[in-house]
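Work through the exercises below with the sequence and the model open. Try each task before reading its solution.

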Amino acid sequence: MIAGKRKAPFHIGMRTIKTALAVGLSLLTAVAIHSEYPPFLVIGAMGAMESSITASIRGARHLTIGNLVGALLAMAFSIVFSGHLAIGCSIGVVIMIVVCNLMHMRPSTTSLACVVFCCCLADLLSTGNLFYGLLRFRDTVVGTVIALAVNMLIRPYSGAAHTRDSIVKAQRAMLPLLEQRVLRGRIPDLRDLRASINQLDRNVDVLLDERLNKSLKKSEVAHLRGCQQLLWKMRDALIGICCIDTMPNPSRENRARLEALGLTRGSDDPDLLLDTACAPEDAAVLNYYLRMFLDANDYLTMLLEQ
């Protein structure tokens, strides 16, 4: 497992703070524009608050289109399904999901658009005001604009340094796992390793997707992607080693490379086989994956030192 400091039971990050600020500003704006239903501004603000500026703009665009479709559909359904809220909402939600999926919206954006549709339809049927849907759409747009402004003006996300630190930690965490399997004959638990590398993949994707944050250099992000791909290679090699049923000795060359990394068996007889039933093919497979792991580790170390 990956060694590290124990995580706090809760963490308040910058995105959390900016979301709370956007919600507060949206509610203050609702009072200023005399909105009859302030939660719609909150829906817009929360739906557009993403980890990066580019993602926020994309989310705001999808949310605006989805909410417009929901408001217009609610206006039409208030006429067709007058007095039948449950039936209208059920059929309308199906239509909303299909439309949002056709536009490749995220599930969270689709859910918010469906909420707007259901709320608009319920209030339209109770008030009889056909333009209520457009007023609620206006409110969500105002909340979306507020969230975009907050996300763009207050410390835009720049996670390059954090991502690099995470790559270094993952690299260091893999060496003890390799030692357990190759030199101790134990099968390590790789769940934490897989989870951390998958999270790194998502973090790098966010950085690669960012187009509007000028503090992020393309060369720096490309460098991080290369480092992360080497981590993939090390992970795959480690998984391959762990899948070997027997445990032969590493070759002299690979053993010397392991010792250079501080990984030793600690036995009086360094040539002692952990499993005397090993076939030559097992040794070939082990050393193939072990060489792949060590080569990727050396290259990654070189890149991280640049």
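## Exercise 1: Cysteines

At 24% relative accessibility, Cys118 is partly exposed. This is a predicted model.

**Task.** Find how many disulfides the structure holds, and check Cys118 and Cys242.

**Solution.**
- Step 1. Set the cut-off: two cysteine sulfurs must lie within 2.5 Å to count as a disulfide.
- Step 2. Take Cys118. Its closest cysteine sulfur belongs to Cys89, at 4.0 Å, which is too far for a bond.
- Step 3. Take Cys242. The nearest cysteine sulfur is in Cys243, 7.0 Å away, and Cys242 is in no disulfide.
- Step 4. Add the surroundings. Cys242 is buried, at 14% relative accessible area, whereas Cys118 is partly exposed.
- Result. The structure has zero disulfides.

## Exercise 2: Helices α7 and α8

**Task.** Describe how α7 and α8 cross, and which residues meet.

**Solution.**
- Step 1. Locate the helices. Helix α7 covers residues 160-182, and helix α8 covers residues 191-209.
- Step 2. Read the geometry. Their axes come within 10 Å and cross at roughly 155°.
- Step 3. Classify the angle. Over 145 degrees counts as roughly antiparallel, so α7 and α8 are roughly antiparallel to each other.
- Step 4. Give the hand. The crossing of α7 and α8 is left-handed.
- Step 5. List the contact. From α7 come Ala160, Thr163, Ser166, Ile167, Ala170, Met174 and Leu177; they meet Leu193, Ser196, Ile197, Leu200, Asn203, Val204 and Leu207 of α8.
- Step 6. Sort by class. The α7 and α8 contact has 10 nonpolar, four polar and no charged residues.

## Exercise 3: Helices α3 and α5

**Task.** Are α3 and α5 roughly parallel or roughly antiparallel? Describe their contact as well.

**Solution.**
- Step 1. Read the geometry. The axes of α3 (residues 53-80) and α5 come within 8 Å and cross at roughly 30°.
- Step 2. Classify. Under 35 degrees counts as roughly parallel, so α3 is roughly parallel to α5.
- Step 3. Give the hand. The α3 and α5 crossing is right-handed.
- Step 4. Pick out contact residues. Those of α3 include His62, Gly66, Gly70, Met75 and Phe77; those of α5 include Thr109, Val116, Phe117, Cys120 and Leu125.
- Step 5. Sort by class. The contact of α3 with α5 holds 13 nonpolar, six polar and no charged residues.

## Exercise 4: Two arginines

**Task.** Are Arg225 and Arg257 buried or exposed? Which residues do they touch?

**Solution.**
- Step 1. Place them. Arg225 sits in helix α9 (residues 218-242). Arg257 sits in helix α10 (residues 252-260).
- Step 2. Apply the cut-off. Buried means under 20% relative accessible area. Arg225 has 14%, so Arg225 is buried. Arg257 has 18%, so Arg257 is buried.
- Step 3. List partners, not counting residues up to four places away in sequence. Arg225 touches Asp201, Val204, Asp205, Leu208 and Trp232. Arg257 touches Arg291, Leu294, Asp295 and Asp298.

## Exercise 5: Positive phi

**Task.** Where do His34 and His104 lie, and are they buried or exposed?

**Solution.**
- Step 1. Check the backbone. His34 has a positive phi of about 60° without being a glycine. His104 also has a positive phi of about 60° and is not a glycine.
- Step 2. Place them. His34 is in the loop between α1 (14-32) and α2 (39-48). His104 is in the loop between α4 (85-102) and α5 (107-127).
- Step 3. Check accessibility. His34 is exposed at 67%. His104 is exposed at 67%.

Definitions and conventions
Residues are numbered from 1 along each chain as its sequence is written. This is a predicted model: local features need pLDDT of at least 70, side-chain atom pairs count only at pLDDT 80 or more; totals for chains, interfaces and linings use all residues. Side-chain values use heavy atoms; hydrogens and water are left out. Buried means under 20% relative accessible area, exposed over 50%, partly exposed in between (1.4 Å probe, protein chains only). Axes are lines fitted to C-alpha atoms, for helices over the stretch in contact, and angles run from 0 to 180 degrees between N-to-C directions. Helices (H or I, at least four residues) and strands (E, at least two) are DSSP runs, numbered from the N terminus. Angles under 35 degrees count as roughly parallel, over 145 as roughly antiparallel, 65 to 115 as roughly perpendicular and the rest as oblique. A crossing is left-handed if the near helix is turned anticlockwise from the far one by less than a right angle, and right-handed if clockwise. Contact means heavy atoms within 4.5 Å. Ala, Val, Leu, Ile, Met, Phe, Trp, Tyr, Cys and Pro count as nonpolar, Asp, Glu, Lys and Arg as charged, and the others, Gly among them, as polar.
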